Amino acid sequence: MKWEGNRESDNVEDRRDEGGGGGGMPVFGGRSIGIGTIVIALIGGWVLGVNPLTLLGLLSGGGQPPQVQTQGPAHRPPADDNMARFVSTVLADTEDVWQGVFRQGGGSYQDPRLVLFRGATPTACGTGQAAMGPFYCPADQKVYIDLGFYETLKSRLGAPGDFAQAYVIAHEVGHHVQNQLGISRKVDQMRGRVSQAEYNQLSVRLELQADCFAGVWAHHAQNARQILEQGDVEEAMNAAAKIGDDALQRANGGAVVPESFTHGTSAQRQRWFHNGLENGSVKACDTFGARGL
């Protein structure tokens, strides 16, 4: 992936030297938090042996208000941190793409912020932990990532490559796009109105749409800046395959239980990322209107 020398985003907060920011399992209060945004954004607890449905139960928070914790002044990552520079550059690229897409559609895009942390950190949705994988909190419109996740992606999941890493960020930004468009809110309003299995299906459609939005970003970034190198698309497609619900359940040694899927199968995740990449259109990402996924 050709990224060095490109613009870096100013919307990156580095909390990695702040020592954890809270302990225990994450408790995210409030019923307004969308299942497809704050939950275990890519791999969830499957990689670390935790059932994501268990985490989802914790995330519901019993209807209590979100825990808003105080945070010191944000500072940018050091200039010589290559991985932080990479993340900042990818975030900047998503900003450029989505500002253009929204502007073309007659709207205005509000950039998210991206927080680098280690272990755990306070968020407007409660205490976020590295064990959750990268995630997006709609309450503060921030993407959170412990960069140690990338080693998990490479070593434990078998999905190496810088474009696979960029796909992770683009997927989370896709959740921010959904939040901006009001899609996440509409899905969350269905909580309690449908069965758990039906709600899981809505979650799958939300996640696949975020994959498609990641493809939309890649489409426009390639057209504008020719960021792709040989093998990059294959890296992203491989990552999408490794983090399908079916693949993660098999990797965890358990049975494949389609009713429990919240993110989609490997084939579905690949298909929708590729759909966004090929078409570059938000309309092409209507997973909720699609008969088949």
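Helices and strands are DSSP runs numbered from the N terminus, a strand comprising at least two residues of type E. In the present model, which is predicted, cysteine 137 has its place in strand S5. Cysteine 137 is buried, its relative accessible area being 0%. Threonine 123 is separated from cysteine 137 by 14 residues in sequence, and the C-alpha atoms of the two lie 7.4 Å apart in space.

Strand S5 belongs to an open sheet of four strands, arranged in the order S1-S2-S6-S5 with mixed pairing. The edges of the sheet are occupied by strand S1 (12-14) and strand S5 (135-137); each has a single partner strand, so one side of each is left without a neighbour in the sheet. On average, and with direction ignored, neighbouring strands are turned by 25 degrees against each other. In general, the strands of a sheet pair through backbone hydrogen bonds, in either a parallel or an antiparallel manner.

Strands S1 and S2 run parallel and are joined by three bridges. Within this pairing, valine 12 stands opposite leucine 114 of S2. Leucine 114 in turn stands opposite valine 143 of S6. Strand S2 (residues 113-116) and strand S6 (residues 142-145) also run parallel, and four bridges connect them. One further partnership places leucine 116 against isoleucine 145 in S6.

Helices lie across several of these strands. Helix H2 (residues 82-104) lies across S1 and S2, with a direction at about 165 degrees to that of S2. Helix H4 (residues 162-181) lies across S2, S5 and S6 and runs at about 25 degrees to S5. Helix H4 is also among the elements that cover the buried residues of H7, together with helix H8 (245-251) and helix H9 (266-279). The buried residues of helix H7 (residues 232-242) are Asp232, Ala236, Met237, Ala239, Ala240 and Ala241.

The packing of two helices is described by the angle between their axes and the distance between the axes. For helix H6 (residues 196-225) and H9, the axes come within 6 Å and cross at roughly 35 degrees. This crossing of H6 and H9 is right-handed. On the H6 side, the contact is made by Val204, Leu208, Asp211, Cys212, Ala214, Gly215, Val216, Ala218 and His219. The contributions from H9 are Gln268, Arg269, Trp272, Phe273, Asn275, Gly276, Leu277, Glu278 and Asn279. By residue class, the contact of H6 with H9 consists of nine nonpolar, six polar and three charged residues.

Aromatic interactions were examined next. The structure holds 10 aromatic pairs. In one of them, the ring centres of phenylalanine 117 and tyrosine 144 are 6.5 Å apart and the ring planes stand at 70 degrees; because planes over 60 degrees apart count as edge-to-face, the pair is assigned to that class. The pair links distant parts of the chain, 27 residues apart: phenylalanine 117 is in the loop between S2 and strand S3 (120-123), and tyrosine 144 is in strand S6. Phenylalanine 117 has a relative accessibility of 1% and therefore counts as buried. Tyrosine 144 is likewise buried, with a relative accessible area of 1%.

Tyrosine 144 also forms an aromatic pair with phenylalanine 135, this one stacked, with 5.0 Å from centre to centre and 15 degrees between the planes. Both phenylalanine 135 and tyrosine 144 are buried. Elsewhere, one aromatic cluster is formed by Trp98, Phe102, Tyr109 and Phe213.

Backbone conformation was considered last. Most residues other than glycine have a negative phi. Glutamine 141, by contrast, shows a positive phi, near 55 degrees. Glutamine 141 is found in the loop between S5 and S6, and its relative accessible area of 23% makes it partly exposed. A positive phi, near 50 degrees, occurs also at glutamine 226. Glutamine 226 lies in the loop between H6 and H7. With 42% relative accessibility, glutamine 226 counts as partly exposed, a class that lies between the limits of 20% and 50% relative accessible area.

Note on methods
Residues are numbered from 1 along each chain as its sequence is written. This is a predicted model: local features need pLDDT of at least 70, side-chain atom pairs count only at pLDDT 80 or more; totals for chains, interfaces and linings use all residues. Side-chain values use heavy atoms; hydrogens and water are left out. Two strands pair if DSSP finds at least two bridges between them. Axes are lines fitted to C-alpha atoms, for helices over the stretch in contact, and angles run from 0 to 180 degrees between N-to-C directions. Contact means heavy atoms within 4.5 Å. Buried means under 20% relative accessible area, exposed over 50%, partly exposed in between (1.4 Å probe, protein chains only). A crossing is left-handed if the near helix is turned anticlockwise from the far one by less than a right angle, and right-handed if clockwise. Ala, Val, Leu, Ile, Met, Phe, Trp, Tyr, Cys and Pro count as nonpolar, Asp, Glu, Lys and Arg as charged, and the others, Gly among them, as polar. Rings of Phe, Tyr and Trp (its six-membered ring) pair if their centres lie within 6.5 Å; planes under 30 degrees apart count as stacked, over 60 as edge-to-face and the rest as tilted.
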